[in-house]
Amino acid sequence: MTDPLRIGIAGLGTVGAGVLRILQGHGDLIAARAGRRIEVMAVTARDRSRDRGVPLDAYAWEEDAVALAKRGDIDVFAELMGGHEGAAKDATEAALAGGRDVVTANKAMLAHHGHALALMAEEAGRVIRFEAAVAGGIPVIKALTEGLAGNEMTRVMGVMNGTCNYILTRMESAGLPYVEVFEEARQLGYLEADPRLDVDGIDAGHKLSLLASIAFGTQVDFGHVELEGIGAVTIEDIRRAADMGFKIKLLGVAQMTGRGLEQRMQPCLVPATSPLGQLQGGTNMVVLEGDSVGQIVLRGAGAGAGPTASAVLSDLVDIARGNRLPTFGQPASTLRQARPAKAAVPAPYYLRLELFDKPGALAKVARVLGDSGISIDRMRQYGHEESTAPVLIVTHKTTRIALDEAIAGFAETGVIMGQPVAIRIEQV
Ligand code: NAP
Ligand code: HSE
C-alpha cells in the first residue's frame with residue numbers, strides 16, 4: 001500500500017465531525033477501496049474546548065484555519081467551516097497556493113468565487129472537490145462530471161433545499177400556514193442560522209449555479225440566478241394546485257436556450273404524480289437531462305452529518321486514488337462566460353383570481369387573456385364566498401411578459417378583487 005493521504009480538517013461541526021466519525025469507524029474499509037489510508041493530521045475550529053462527540057486526541061490542533069491550510073504535513077485541506085468570505089476563502093486560497101488539494105462542502109463560497117478558485121487550483125496543479133456542497137449525500141457532481149460526461153446536457157433541475165421542501169409538504173399535510181410551519185422548522189433546527197438562505201432560495205440558488213457550470217461548461221454565475229423564495233406561498237394555493245393535479249415546489253431549473261443561460265430558483269407547480277411532485281419532507285431530488293441518456297432522477301438526503309460526510313469521503317477517496325478531475329468538469333480556463341437569458345422560456349401558468357359575482361365577469365377575464373395572446377387550457381370556478389368566487393386557470397404556454405400584461409389588464413376590468421396569483425408550471 002502506498003503512503004497515506006494526509007488531511008487537515010477545518011470545521012468540526014455537523015459535517016467535520018461527521019467526516020471524523022466515518023474515518024474513525026471505516027478506516028480499513030476506506031483504505032482497501034482507496035489503496036491507501038486516509039489519515040487526519042490536524043484539525044481546527046473556533047472553540048477548542050467544545051465536545052464534538054468524536055475523539056480528537058490523535059490529531060494536532062491548529063488555532064487558525066489558514067495556518068492549518070499551510071501545514072507542511074498535509075496533502076488535502078478539508079474546508080468544512082462555511083461562509084463565502086473570511087476564513088473559508090482565505091484558507092482555501094492558502095491551501096491551493098501552498099500546493100494542497102481542497103475538499104469543501106461550501107456552496108456559498110463556490111457560488112461566489114468558484115471560477116476564480118478553479119483557475120487558481122488549475123494554475124497550481126491542484127484540485128478542488130465539492131460533492132457535499134450540492135444535495136448533500138446525493139452523488140450528483142460525480143454523476144454530472146463523470147457518469148454523464150458523454151452527453152450534451154439539456155436541462156438540470158431539482159429540489160435542492162430540504163428545509164423548503166419540508167415546509168411546503170408540511171403546510172399541505174398539516175393544513176398549516178407558512179408562518180406556523182416556518183416556526184416549527186426553526187424549533188426542529190432545520191433552518192440555517194440566517195433562515196433567508198433557505199426560504200429566499202439563496203442556498204438552493206448557490207447549488208443550482210454550481211450544477212449549471214458543470215452541465216453547460218460555463219463559469220459559475222450565481223449573480224444571474226433568478227431567485228424567488230417560498231415566503232409568499234399560501235396554503236390556499238397549495239390546496240388549489242392539488243385540485244388541479246399539481247404540487248408546489250421550490251424548484252431550480254438551469255437550461256441553455258437560444259436566448260442564453262437560464263437559471264431559476266422559484267416556487268413552481270409540477271405534476272403531483274411526477275417524481276418531483278411526490279417528494280416529501282426534507283429530501284432532495286435532482287433531475288439531469290442529457291441528449292443521449294434522457295432523464296436521470298437522483299433522490300436522497302440533502303443534509304445532515306452522515307449524508308454530507310459520505311459525500312466528503314467520496315472526494316477524499318477520489319483524491320487518494322489519483323482521480324484528479326477539474327473542478328467544474330473541464331479545465332477552468334475553457335469554461336465560457338455564459339450570456340444570461342433575459343427571460344425564461346415560455347411555460348404554462350397557474351392563475352388564481354378572486355372573481356366578483358357579476359354577469360359577464362368570466363368573459364372579461366377570458367378577453368384580457370386573449371388580448372395578451374394567452375390561451376386557456378383548463379379552468380375551474382369554485383362556489384361564491386360572499387361576493388367573490390375563486391377561479392383557477394391553467395394556461396397554455398406563454399411568456400411571463402404576456403402574463404404580466406394580462407395581470408395588469410385584469411385590474412381594469414373591475415371584476416377581480418385583490419392581486420391574482422401566478423405560478424409557473426414546470427414541465428417535468
Ligand atoms: P456547523 O455545524 O456550523 O460547523 C461549522 C464549523 O466550522 C464549526 O466547528 C465551527 O467552529 C467552525 N468554524 C466556523 N468558523 C470558523 C473559523 N473562522 N475558524 C475555524 N473554524 C471555524 O456547519 P456545518 O453544518 O458543519 O456546515 C459546514 C459546511 O458544510 C458549510 O459550508 C455548509 O454550507 C456545508 N454543508 C452543510 C450541510 C449540513 O447538512 N449541515 C450540508 C451540505 C453542506 P466551532 O464549532 O468551534 O464554532
Ligand atoms: N439548509 C440546507 C437545506 C442544508 O435545508 O437543504 C444543506 O445544504
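**Close-up views of a predicted model**

**View 1. A matched pair in the sheet.** Start with V253, whose bridge partner in β10 is R264. Keep in mind that what you're looking at is a predicted model. V253 belongs to strand β9, residues 246–257, and twelve bridges tie this strand to β10, residues 260–271. The two strands run antiparallel.

**View 2. The whole sheet, strand by strand.** Step back and you'll find six strands in an open sheet, lined up as β8-β10-β9-β7-β11-β12. Their pairing is mixed. At the edges are β8 (226–227) and β12 (294–301). Each of these has a single partner strand, so one side of each goes without a neighbour in the sheet.

**View 3. Helices against the sheet.** Helix α6, made of residues 140–147, packs on the sheet and touches β7 (153–159), β11 (283–290) and β12. The directions of α6 and β11 make an angle of about 10°. Then there's helix α7, residues 162–174, which lies across β7, β9 and β11. Relative to β9, α7 runs at about 145°.

**View 4. Where α7 meets α11.** Here α7 comes together with helix α11, residues 235–243. Their axes come within 10 Å and cross at roughly 75°, so the two helices are roughly perpendicular to each other. On the α7 side, look for L168, M171 and E172; on the α11 side, they meet I235, I238 and A242. Sort the residues of this contact and you get five nonpolar, one charged and no polar.

**View 5. Around ligand 2.** The surroundings of ligand 2 are K107, N161, G162, T163, E192, D198, D203, K207, G302 and A303. For G162, a polar backbone atom sits 2.8 Å from an oxygen atom of the ligand. E192 uses its side chain instead: one of its N or O atoms is 2.7 Å from a nitrogen atom of ligand 2. D198 also has a polar side-chain atom 2.7 Å from a nitrogen atom of ligand 2.

**View 6. Around ligand 1.** There are 21 residues around ligand 1, and those that come nearest are L12, V15, D47, R52 and G304. Check the backbone here. A backbone N or O atom of D47 is 2.7 Å from an oxygen atom of ligand 1. G304 likewise places a backbone N or O atom 2.7 Å from an oxygen atom of this ligand. For G13, a polar backbone atom lies 3.1 Å from an oxygen atom of ligand 1.

Notes:
Residues numbered from 1 in each chain as written. Chains lettered and ligands numbered in written order. Predicted model: local features only at pLDDT ≥ 70, side-chain atom pairs only at ≥ 80, totals over all residues. Heavy atoms only, no water. Pairing = 2+ DSSP bridges. Helix = DSSP H or I, 4+ residues; strand = E, 2+ residues; numbered from the N terminus. Contact = heavy atoms within 4.5 Å. Axes fitted to C-alpha atoms, helices over the stretch in contact; angles between N-to-C directions. Parallel < 35°, antiparallel > 145°, perpendicular 65-115°, else oblique. Nonpolar A, V, L, I, M, F, W, Y, C, P; charged D, E, K, R; others polar. Near = heavy atom within 4 Å. Polar contact = N/O pair within 3.5 Å; in protein donor to acceptor, adjacent residues only side chain to side chain.
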